[in-house]
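Reader: Could you take me through this model by way of a few questions, with the reasoning set out before each answer?

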Amino acid sequence: MHKLPTLTDDFLKEEIYCADICGVNVFFLPKPKFRRRYAELCVNYGSNDNVFVPRGRAEPVEVPAGVAHFLEHKMFEKPWGDAFSAFSSIGASANAYTSNNYTSYHFVTLDNYDKGLALLMEVVFSPYFTEESVEREKRIIAQEIGMYEDQPNWRLLRETLARLYPEHPVGLDISGTYESIQQIHKDTLYLCHENFYSPANCVLFMAGDFDPDQALNLAAEIIGSYVKDPGNSPCRIRPHGTGRVGEGAEIMMSVPTPLLQIGWKDRRLFDGRKIVIRELACAFLLDIMFGKTSEFFEEVYDQGLTDDLIFSYEAWPDYGFTIVSAETEKPEILKEMIFEQVERIRTRGLDEQDFERKKNAALGRFITMFRSFEVISQSQIRLLGLGENIFSYRSILEDLDISDVYASFDSLDPDMSVSVIIANEGVSMDET
Amino acid sequence: MDDFESMVVAPGVVFRYLSEPKWKNLSVRVFCKIPVIESKITSLALVPRLAMRGTYQLPSIRDIAQFLETMYGSCLGANSSKVGPIQVVNFKLEIPSPIYLSTMKSGEPLGSIVGKAWSFLWDVVNRPYLEDDAYPEKVFSVDKEEHRQDILGLINNPSSYALVRLIEEISQGDPRGLPPWGSLDDLNYIDSRSTWAAWKEALSMCPISIYAVGEGADLLGEIISKQELVFPTRRGDRIWDISENLEPLSLPEEGIRVEEGFPGQQTVLCMAFHTGVTQSDAEFPTFLFLDGLLGGFPHSKLFSVVREEYGLAYFADTVIDTWRGFTIAITGISDGEKDRVEDLVVEQFDAIRKGRISDEEMENTRAGLRRRLMAEADYQGSIVNRRLNHEILGGAQTGEEVAERILEVTRQDVVDLANETELKCVYVLRAEGAN
């Protein structure tokens, strides 16, 4: 174990203890008086990683869409049985999820934390696949795909991303498709595990009411028993997601109220701290334009167009996008109003008082984040990948300037936008 | 173990607070507990939405949103829910810890910060923005329409919708079984004046619980103890007794079966098993055990058989109704497999009836239930919800109390309860658009 400097925030009176253990970045957040003990092991591998150069080979391979998610499902099956049951037997609850860029395995328990941690290492670092279990999992994942297909909000986002990113894997469904999962076999899973599930590509975050030295020593002992070699970083191949966008769409689905979503692809790419600044600045800009303190929101609510506008911006080194969405009986009208609002604020400029008030609000919400192990864990892991940490995030937020928000207007280029409407079968869009 | 301090602050109004800094915030919740009245449930369901539109002091959404930002990102929520047959119109305000806020607001006294937050929340509850002693017409008509769309939009989550429909069928028209959002038909008849009148009446006559949990809760206690709470209509001593009508709904003699279609990909199967045990009964821990064994955990019979062994579902678990005494199996499957899965669910329940429960299943369930119950103390919302449920339906006041009793449940207890349990309703939302 190689201990690293402890991260501290004197104002919040929080500390995060850090170490490098056999290549795994390890963090521990002491949380006195909480009963739960938590651990999340995150692999820097997600649905976007479908093209890579395997270790020992010269040429890249492309695997079917949905492999990262499929792998996550299968990692709980072991030669001796089901790891979920093993977690249950020690009183722990385990779960996992796959996103575009990460796969996360986590558990929470009151007792037997050492056993839980050992089990977590075995889940992640000891793959075991058979063709029979892979075939069975295809049926389960097909049901999962069907479940999401029936949820209009999920479909809306998927359709928007597919049109924003025809050239980048973020436009693919994380779970894959009914067809793509049929192409997955045990060899595919072993190949991806071998290339991405190396300790150097993983982060462990622990939290609970116990002593930091005890926590890190435990991690060192357990990781050390499973990991001998840190391994290498994978050679992933991803395009830059800055190309032209596709056409918008109107999708017929049985919904009581139509849904509208507009996506803007960010032409610019950022890295490290600049991603954090970009995300904060865009979040502020969207809130100023569409949030509850805006005249725009008051207007659309009073007109009965919608009572909830949902907006977000997300950036990674290879892509970034903004989403604004709403349920509305008049999607075409609301769409035009949203584009007009962007241009109106671009022309009018920003109110300094608005900005300062929102900054204070963001700082207040930052404080309350610390009641959630999961939120802190996921934030810290993501920020690590950007060369930052949860406390430097607060400094970045404090130092954010209105000029950063002005600079983020270029994330809303109408030529890089796509709109998707999901409407009821039988309703003509002309009627809106 | 949580140790609430309590005080009666007005007729039928109890304030309970728990001071604890670990969450770095102060959460304040107001619950108005209203026996379901069929003619008023929908009106009252609109009240939270209308309340968030503006108060006497802050007459618009923008004003409220700006105020919350000046309170460093404080968060306001409100909705209508149900605990058993009681409609609970509830409001929540969460502010970052006043200790931190005081520093960030250049030394503003803690009492001033907490006092401002409390005054604001009490205004939201009691002093909405009105015109001509009613909710503004324009606001009311927009929000009524939004409420309609929300009810219609339940189908956008088919598994939640299927559960709602199952409960509707089991309730057999008893108004106490109405959902907390009321009914679509009512929206054609209610108006802004009668809605405000219904809310004023509820505030004057229904029991109210106020909970403060977090850093500064004791300060709020001091503030409230020195105040006279003001209501739109004065509260007298005649407060509705919500314990009068708590017995669970009568059930159909024979089992009910309902199948409906929707243009989706995946069929949702719901099966309601009636145990007759509610949360105030001595057998309640056994009921939790039965539910856990059937579908409450990844090691449960439904998950291990329907999903893992046969690969027929992505989700196969149970939902528990502690007022009616149901454990409800719910699973999403291919339509072509629905009969097979229904048989599998019945088989798993029969296995429990016959005592085919391994030691491993028993102890895994015990450990899982204990963890869930003990972990409630980590969440402000869970602590308060447990107390609120106790106020209305009786039973334990804390998760720890139940966790202790879980340790005593035996296999035979579970088998005996399973043998007294009947399958009362099967609801199938059939996918008619499957590829």
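What follows is an exchange about a predicted model, beginning with the interface and then turning to individual strands and residues.

Reader: How many salt bridges are there between chain B and chain A?
Author: The contact between the two chains involves 65 residues of chain B and 64 residues of chain A, and about 5,600 Å² is buried between them, with 53% of that area on carbon and sulfur atoms. One of the salt bridges pairs the side chains of A:R371 and B:E94, with 3.2 Å from N to O. The count of salt bridges between chain B and chain A is ten.

Reader: Which element gives the most to the side of chain B that touches chain A?
Author: There are 30 residue pairs in polar contact between the chains, both residues being at pLDDT 80 or more. Several elements of chain B each supply at least two residues of the side that touches chain A, among them α2 (61-70), β5 (86-96), α10 (301-309) and α12 (359-375). By class, that side of chain B has 27 nonpolar, 19 polar and 19 charged residues. The element that gives the most, with seven residues, is α5(B).

Reader: Is A:A83 buried or exposed?
Author: A:A83 is found in helix α2 (residues 83-89) of chain A, and, leaving aside its neighbours within four places in sequence, it is in contact with A:F76, A:L119 and A:V123. The C-alpha atoms of A:A83 and A:E122, which are 39 residues apart along the chain, are separated by 8.9 Å. Because the relative accessible area of A:A83 is 0%, and buried means under 20%, A:A83 counts as buried.

Reader: Which residue of chain B is in contact with A:F84?
Author: A:F84 lies in helix α2 of chain A and is buried, with a relative accessible area of 12%. Leaving aside neighbours within four places in sequence, its contacts in chain A are A:F76, A:A94 and A:N95. In chain B, A:F84 is in contact with B:P298.

Reader: Which strands stand at the edges of the open sheet in chain A that has the order β6-β5-β12?
Author: The three strands of this sheet pair in antiparallel fashion, and two bridges join β5 (residues 51-53) to β12(A), with A:F52 standing opposite A:R236. An edge strand has a single partner, so one of its sides is left without a neighbour in the sheet. The strands at the edges are β6 (61-62) and β12 (235-236) of chain A.

Reader: Which residue in the turn of the hairpin formed by β1(B) and β2(B) has a positive phi?
Author: Strand β1 (residues 5-10) and strand β2 (residues 13-19) of chain B run antiparallel and are joined by five bridges, with B:A10 standing opposite B:V13. Two residues lie between the strands of this hairpin, and the positive phi, of about 70 degrees, belongs to B:G12.

Reader: B:Y72 has a positive phi in a residue other than glycine; is B:Y72 buried or exposed?
Author: Phi of B:Y72 is near 55 degrees, and B:Y72 is found in the loop between α2 and β4 (75-83) of chain B. Because its relative accessibility is 7%, under the 20% cut-off, B:Y72 counts as buried.

Reader: Where is B:D133 found?
Author: B:D133 has a positive phi of about 55 degrees although it is not a glycine. At 43% relative accessibility, B:D133 counts as partly exposed. B:D133 is found in the loop between α4 (110-126) and α5 of chain B.

Terms used
Residues are numbered from 1 along each chain as its sequence is written. Chains are lettered from A and ligands numbered from 1 in the order in which they are written. Side-chain values use heavy atoms; hydrogens and water are left out. Contact means heavy atoms within 4.5 Å. Buried area is the accessible area (1.4 Å probe) that two parts lose on being put together, summed over both. A salt bridge is a side-chain nitrogen of Lys or Arg within 4 Å of a carboxyl oxygen of Asp or Glu. A polar contact is a pair of N or O atoms within 3.5 Å; within protein, one must be able to donate a hydrogen and the other to accept it, and residues adjacent in sequence count only if both atoms are side-chain atoms. Helices (H or I, at least four residues) and strands (E, at least two) are DSSP runs, numbered from the N terminus. Ala, Val, Leu, Ile, Met, Phe, Trp, Tyr, Cys and Pro count as nonpolar, Asp, Glu, Lys and Arg as charged, and the others, Gly among them, as polar. Buried means under 20% relative accessible area, exposed over 50%, partly exposed in between (1.4 Å probe, protein chains only). Two strands pair if DSSP finds at least two bridges between them.
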